[in-house]
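Subject: Structure for your files

Hello,

I am passing on the structure we spoke about. My notes on what was found in it follow below.

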Amino acid sequence: MKRFLGLLFVAASIANAAPSPSNLIANVHARTTISLNGVWRVIIDPYENGLGARFYENRKPKDKQDLVEYDFDASGTLQVPGDWNSQRESLLFYEGPIWYERSFSFHRAELARSFLYFGAANYQARVYLNGKAIGEHQGGFTPFNFEITKDVREGDNFVVVEVNNTRHSDAVPALNTDWWNYGGLTRDVAIVEVPATFIQDYFVQLAKGSQGQIAGWVKLDGATQPEQVTIEIPEASVKQQVTTDDHGYAEFKFAAQLQLWSPENPTLYRVELSGARDRVQDQIGFRTVETSGTKILLNGKPIFLRGISMHEEAPFRGGRAFSAEDDAVLLGWARELGCNFVRLAHYPYNEDMIRLADQMGLLVWEEIPVYWDIDWQNSATLQIAEEQMRDLIARDHNRAATVFWSIGNETPVNPARTEFMKQLASYARERDSTRLITAAMNHFIANAGANNRLLDDPLGEYLDVLGMNEYVGWYNGPIAAADELQWKTAYDKPLIVSEFGAGAPFGAHGSADARWTEEYQTSLFQHQIAMLRKIPSLAGMSPWVLMDFRSPRRPLAGVQDFYNRKGLISDRGQRKQAFYTLQKFYREMAAAPPEQ
Ligand code: GCU
């Protein structure tokens with residue numbers, strides 16, 4: 001019966017064309033750019049009237065007869081980068097289209113080609129230059145770029161972007177999330193200038209399972225003949241040359257003596273690629289990460305992941321975090337907690353956050369927002385998820401800090417979902433076989449007695465590392481229920497308890513059995529830590545959550561006020577009692593590394 005069913009599902013697997021290769025320009029920050037950040041003119045367009053009215057033409061009345069019912073210059077403004085919800089009280093709950101306009105003067109320098117680059121736009125973006133459609137993108141948390149070489153003019157230009165954060169059931173994420181649907185041009189916007197043939201992307205990492213061999217590739221854009229490319233790592237006396245094929249692609253493998261990157265020693269090397277009159281520099285760490293039974297090995301040694309989950313919510317001011325200051329505060333708090341690991345839930349964060357984790361020596365779990373229930377049977381939805389995975393990997397595949405690609409969170413157990421996730425897991429592995437594929441699951445059964453819990457989600461089969469969210473003491477039973485519970489998994493794989501937690505507004509005090517108090521949250525952490533330490537396959541944890549964050553699902557007045565209050569730190573930066581409970585445990589764990 002089971003085998004037949006297997007066949008049926010394979011037959012019914014979602015036939016979708018694999019996404020086209022990423023055309024993302026890697027490491028934009030190291031390129032020649034013209035920033036378009038700053039003040040943009042905006043028109044709020046709840047009925048999306050602007051498409052028919054061609055707002056993208058940014059037209060002025062020709063004469064006093066001419067009817068034009070919009071005027072960017074007379075309209076309000078918004079800051080870019082930045083979500084619109086936290087910039088104006090009137091836009092806090094706004095979901096819909098907003099049109100952005102920005103005029104700029106352009107003078108072509110010696111570099112022949114120009115691209116319009118967006119760090120992210122939530123959720124859907126239609127991009128126009130000088131009234132001409134340049135391209136569209138969907139997915140709120142990954143970068144995209146369009147070539148504008150032929151469309152940008154010497155002198156005055158204007159770019160118009162329609163951004164629409166309306167939720168859709170076939171989107172990724174879909175209709176329901178426990179985070180605020182911050183809309184807008186939430187990250188950097190810039191013009192990137194490159195030579196006619198340029199280094200579009202590269203992958204320079206240690207070969208899988210090797211500590212002395214670098215294996216990678218380089219991809220040129222615009223090549224019409226074989227080109228010489230040089231890879232240099234001066235501090236490791238590496239200088240290698242490769243010749244690309246006609247399409248500008250070349251693979252390489254060579255030996256190198258390197259100081260391995262680790263949380264204790266986050267060594268980054270200056271890596272320079274040059275060829276075809278282009279040159280790109282990057283800061284890259286080299287480390288290996290793999291599993292061995294239920295252990296996670298970093299550079300061949302078992303490591304215990306002392307982690308915390310977080311949201312890309314700006315500390316103190318609220319809104320989508322995007323700046324180096326935001327990143328430094330959030331990762332600084334994780335470091336203060338004693339973490340060597342952060343779970344960046346539930347969507348790709350800004351690139352600088354990952355680069356900062358590289359510098360700080362924090363291991364990173366990156367995730368795409370396949371969150372709760374989405375349209376599992378829809379091949380277009382699978383394609384969107386794969387494209388988000390493709391672009392996340394393309395953006396961060398040279399970051400030593402990133403060790404996990406998570407394909408989703410708390411997805412329901414059903415055959416269509418498992419088939420969808422199976423395809424997503426193999427797609428991610430195809431694109432990067434040097435990192436570990438994971439997902440956060442929350443489907444476990446009570447087997448063999450009320451106190452035994454078994455994580456047996458079929459998705460586990462397709463993962464390298466199992467993530468498990470459990471809310472014993474908050475959504476499931478009293479805090480003390482944890483004391484009796486024995487956890488097992490159906491797989492001989494490392495387990496990360498990717499979420500547990502309790503809500504408590506900062507400063508709310510009472511007895512340890514009173515919900516919504518710091519004492520309750522602290523007590524829950526104490527019982528959880530004792531329970532989790534007993535799990536043989538436990539390789540790490542990332543409790544929920546670093547800081548209180550905005551959520552449309554949390555209306556409890558006077559307590560939540562549209563914030564999820566499970567933070568160990570309030571949105572105002574105040575540390576709750578449980579912060580110190582976890583900090584104490586992590587200090588103990590750091591002092592007693594796991595057995596070899
Ligand atoms: C879930 C989910 C989180 C959510 C949390 C909570 O498990 O993964 O996104 O915020 O639980 O309920 O607080």
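Strand β25 (residues 436-441) pairs with β28 in the parallel sense, over four bridges. Please keep in mind that this is a predicted model. Within that pairing, Ala-440 stands opposite Gly-467 of β28. β28 also runs parallel to strand β30 (residues 495-499), and four bridges join the two. There, Leu-466 has Leu-495 of β30 as its bridge partner.

Strand β28 spans residues 465-469, and five of its five residues are buried, so the strand is largely enclosed by the rest of the structure. Val-465, Gly-467 and Asn-469 point one way from β28, while Leu-466 and Met-468 point the other way.

After β30 comes a loop that leads to α6 (518-532), and Pro-505 is found in it. Pro-505 has a relative accessibility of 14% and therefore counts as buried, the cut-off being under 20%. Its C-alpha atom is separated by 8.4 Å from that of Gly-567, which is 62 residues away along the chain.

A second set of strands is built around β13 (residues 228-233), where five of the six residues are buried. β13 runs antiparallel to strand β14 (residues 238-243), with six bridges between them. The two strands form a hairpin with four residues between them, and Ser-237 in the turn has a positive phi of about 50°. β13 is also joined to strand β16 (residues 269-275) by four bridges, again antiparallel. Ile-231 takes part in both pairings: its bridge partner in β14 is Gln-240, and in β16 it is Leu-273.

Helix α2 (residues 324-337) has 14 residues and reaches 20 Å from its first C-alpha to its last, close to the 20 Å expected at 1.5 Å a residue. Which residues of α2 are buried? They are Asp-326, Asp-327, Leu-330, Leu-331, Trp-333, Ala-334 and Leu-337. These residues cover an arc of only 145° around the axis, which puts them on the same side of α2. The general background is that an α-helix has 3.6 residues a turn, so residues three or four places apart point the same way.

Some backbone details in loops should be checked against your own view of the model. A cis peptide bond joins Ala-345 and His-346, with omega at about -10°. His-346 lies in the loop between β22 (341-344) and α3 (351-360). Another cis peptide bond joins Trp-544 and Val-545, with omega at about 25°. Val-545 belongs to the loop between β31 (538-541) and β32 (549-550).

Positive phi values also turn up at non-glycine positions. Asn-299 has a phi of about 55° and sits in the loop between β19 (295-298) and β20 (301-302). With 10% relative accessibility, Asn-299 counts as buried. Asp-561 has a positive phi of about 50° and is found in the loop between β32 and β33 (563-564). Asp-561 is partly exposed, with a relative accessible area of 39%.

Lastly, the cavities. There are six of 30 Å³ or more. The largest holds about 120 Å³ of space. It is lined by 13 residues, and the closest to its centre are Asn-122, Tyr-123, Arg-167, Pro-173 and Asn-181. By class, the lining of the largest cavity has six nonpolar, six polar and one charged residues.

Regards

Conventions: Residues numbered from 1 in each chain as written. Predicted model: local features only at pLDDT ≥ 70, side-chain atom pairs only at ≥ 80, totals over all residues. Heavy atoms only, no water. 1 Å grid on protein atoms, 1.4 Å probe; cavity = no way out; pocket = protein on both sides within 12 Å on 5 of 7 lines; lining within 4 Å. Points joined across faces, edges and corners; volume = space filled by probe spheres on them. Nonpolar A, V, L, I, M, F, W, Y, C, P; charged D, E, K, R; others polar. Buried < 20%, exposed > 50% of the residue type's maximum accessible area, 1.4 Å probe, protein only. Pairing = 2+ DSSP bridges. Expected span 1.5 Å × (residues − 1). Arc of directions from axis to C-beta.
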